[in-house]
Amino acid sequence: MADAKPATAPTITLKHLAAGLAEDHQLSKKQSEAMLGDLVTKITDHLKKGDRIRIGGLGILQVRSRAARTGRNPATGEEIQIKASKKVAFRPAKELKDAI
């Protein structure tokens with residue numbers, strides 16, 4: 001008997017979310033896609049400025065700096081320098097944790 005792979009969760013895109021919002025709020029799909037696109041743009045702009053974004057019921061998005069560090073090449077074991085970088089961190093809200 002062959003091992004069955006676990007089913008992967010479906011990927012929901014911005015278009016799927018926009019279609020759901022359009023249906024729920026009697027908007028056209030085009031309007032809801034434009035609104036969600038603008039929301040993503042606004043969030044990106046604020047993160048670029050270093051702002052912290054708190055979305056009630058969802059969580060907090062913020063940019064964190066990662067210091068330069070020494071790592072290892074897993075294939076050769078050779079030490080390599082990893083340069084400093086920035087990453088977007090997400091901390092879920094209590095409501096989201098409880099819902100999941």
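A residue counts as buried under 20% relative accessible area, exposed over 50%, and partly exposed in between. Keep that handy as you click around this predicted model.

Start by selecting Gln 31, which sits in helix H2. Its relative accessibility is 43%, so Gln 31 counts as partly exposed. Now add Gly 71 to the selection: the two are 40 residues apart in sequence, and their C-alpha atoms are 47 Å apart in space.

Next, show helix H1 (14-24) together with H2, residues 29-49. Their axes lie 8 Å apart, at an angle of about 125 degrees, so the two helices are oblique to each other. The crossing of H1 and H2 is right-handed.

What joins Glu 33 to Lys 15? Pick both side chains and you'll find a salt bridge, 3.6 Å from N to O. Glu 33 belongs to H2 and Lys 15 to H1, so this pair ties together parts 18 residues apart in sequence. Glu 33 is partly exposed at 30%, while Lys 15 is exposed at 57%.

The whole structure has 3 salt bridges, so here are two more stops:

- Glu 79 and Arg 72: their side chains meet at 3.5 Å, N to O. Glu 79 is exposed at 51%, and Arg 72 is exposed at 54%.
- Asp 98 and Lys 94: the closest N and O atoms are 2.8 Å apart. The two are 4 residues apart in helix H3, so about one helical turn separates them. Both are exposed.

Finish by colouring Ile 12, Leu 14, Leu 17 and Val 40, which make a nonpolar surface patch of about 350 Å². Ile 12 lies in the segment before H1 and is exposed, at 54% relative accessibility.

Methods
Residues are numbered from 1 along each chain as its sequence is written. This is a predicted model: local features need pLDDT of at least 70, side-chain atom pairs count only at pLDDT 80 or more; totals for chains, interfaces and linings use all residues. Side-chain values use heavy atoms; hydrogens and water are left out. Patches are made of residues with over 30% relative accessible area and no salt bridge: like charges are joined within 9 Å, nonpolar side chains (Val, Leu, Ile, Met, Phe, Trp, Tyr) within 5 Å. Accessible areas come from the Shrake-Rupley method with a 1.4 Å probe; for residues, only the protein chains shown count as cover. A salt bridge is a side-chain nitrogen of Lys or Arg within 4 Å of a carboxyl oxygen of Asp or Glu. Buried means under 20% relative accessible area, exposed over 50%, partly exposed in between (1.4 Å probe, protein chains only). Axes are lines fitted to C-alpha atoms, for helices over the stretch in contact, and angles run from 0 to 180 degrees between N-to-C directions. Angles under 35 degrees count as roughly parallel, over 145 as roughly antiparallel, 65 to 115 as roughly perpendicular and the rest as oblique. A crossing is left-handed if the near helix is turned anticlockwise from the far one by less than a right angle, and right-handed if clockwise.
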